[in-house]
Amino acid sequence: MAMNIQIFGKSKCFDTKKAERYFKERKIKYQLIDLPRYGMSKREFESVKSVVGLEAMIDEKSKDYDLLKYLAYDSDRAEKLMEDPSLIK
């Protein structure tokens, strides 16, 4: 059974580079999706959200985090994350 590994991250992020190194060292094929450049499809977003949860997806270090933390509803936060992938970890 072949697995398709996808890394959703930022090309300049330390954790993203660490994940890439992990798979390269083990000669495991993977695909990097650079979030600021390509974003996520709605289906990918929902899939990741169902596994890790919405709060785990939010990048508190993002310069626009203040805009997100004042939204009261998860649905509003999710919509903002879809609009602006730079807010995703």
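# Briefing: aromatic cluster and overall architecture

The structure holds 2 aromatic pairs. The rings of Tyr-22 and Phe-23 form an edge-to-face pair, because their centres are 5.2 Å apart and their planes stand at 90°, where over 60 degrees is the requirement for that class. The model is a predicted one. The points below treat the aromatic residues, the chain as a whole, its surface and charges, and one residue of the final helix in turn.

**Aromatic residues**

- A pair of aromatic rings is described by two quantities, the distance of the centres and the angle of the planes.
- Tyr-22 has a relative accessibility of 39% and therefore counts as partly exposed.
- Phe-23 counts as buried, because its relative accessibility is 16%, and the cut-off for buried is under 20%.
- The rings of Phe-23 and Tyr-30 have their centres 6.1 Å apart and their planes at 35°, so this pair is classed as tilted.
- With a relative accessibility of 23%, Tyr-30 counts as partly exposed.
- Tyr-22, Phe-23 and Tyr-30 are linked by ring pairs into a cluster; Phe-23 takes part in the pair with Tyr-22 and in the pair with Tyr-30.

**Fold and dimensions**

- The protein chain contains 6 helices and 2 strands.
- Read from the N terminus, the order of the elements is β-α-β-α-α-α-α-α.
- Along the principal axes, the C-alpha atoms of the protein chain fill a box of roughly 45 × 25 × 20 Å.
- Among contacts in the protein chain with a separation of 6 or more, 53% involve residues that are 24 or more positions apart.

**Burial, surface and charge**

- The protein chain has 89 residues, of which 29% count as buried.
- The exposed area of the protein chain is about 6800 Å², and carbon and sulfur atoms supply 52% of that area.
- The protein chain carries 19 positive and 16 negative charges, and the mean positions of these two sets are 8 Å apart.

**Ser-75 in helix α6**

- Where does Ser-75 lie? Ser-75 is part of helix α6, which covers residues 74-83.
- Is Ser-75 buried or exposed? Ser-75 is exposed, because its relative accessible area is 51% and the class begins over 50%.
- Ser-75 and Tyr-65 are separated by 10 residues in sequence and by 16 Å in space, taken from C-alpha to C-alpha.

Technical notes: Residues are numbered from 1 along each chain as its sequence is written. This is a predicted model: local features need pLDDT of at least 70, side-chain atom pairs count only at pLDDT 80 or more; totals for chains, interfaces and linings use all residues. Side-chain values use heavy atoms; hydrogens and water are left out. Helices (H or I, at least four residues) and strands (E, at least two) are DSSP runs, numbered from the N terminus. Buried means under 20% relative accessible area, exposed over 50%, partly exposed in between (1.4 Å probe, protein chains only). Contact means heavy atoms within 4.5 Å. Accessible areas come from the Shrake-Rupley method with a 1.4 Å probe; for residues, only the protein chains shown count as cover. Lys and Arg count as positive and Asp and Glu as negative; His and the chain ends are not counted. The place of a charge is taken as NZ of Lys, CZ of Arg, CG of Asp or CD of Glu. Rings of Phe, Tyr and Trp (its six-membered ring) pair if their centres lie within 6.5 Å; planes under 30 degrees apart count as stacked, over 60 as edge-to-face and the rest as tilted.
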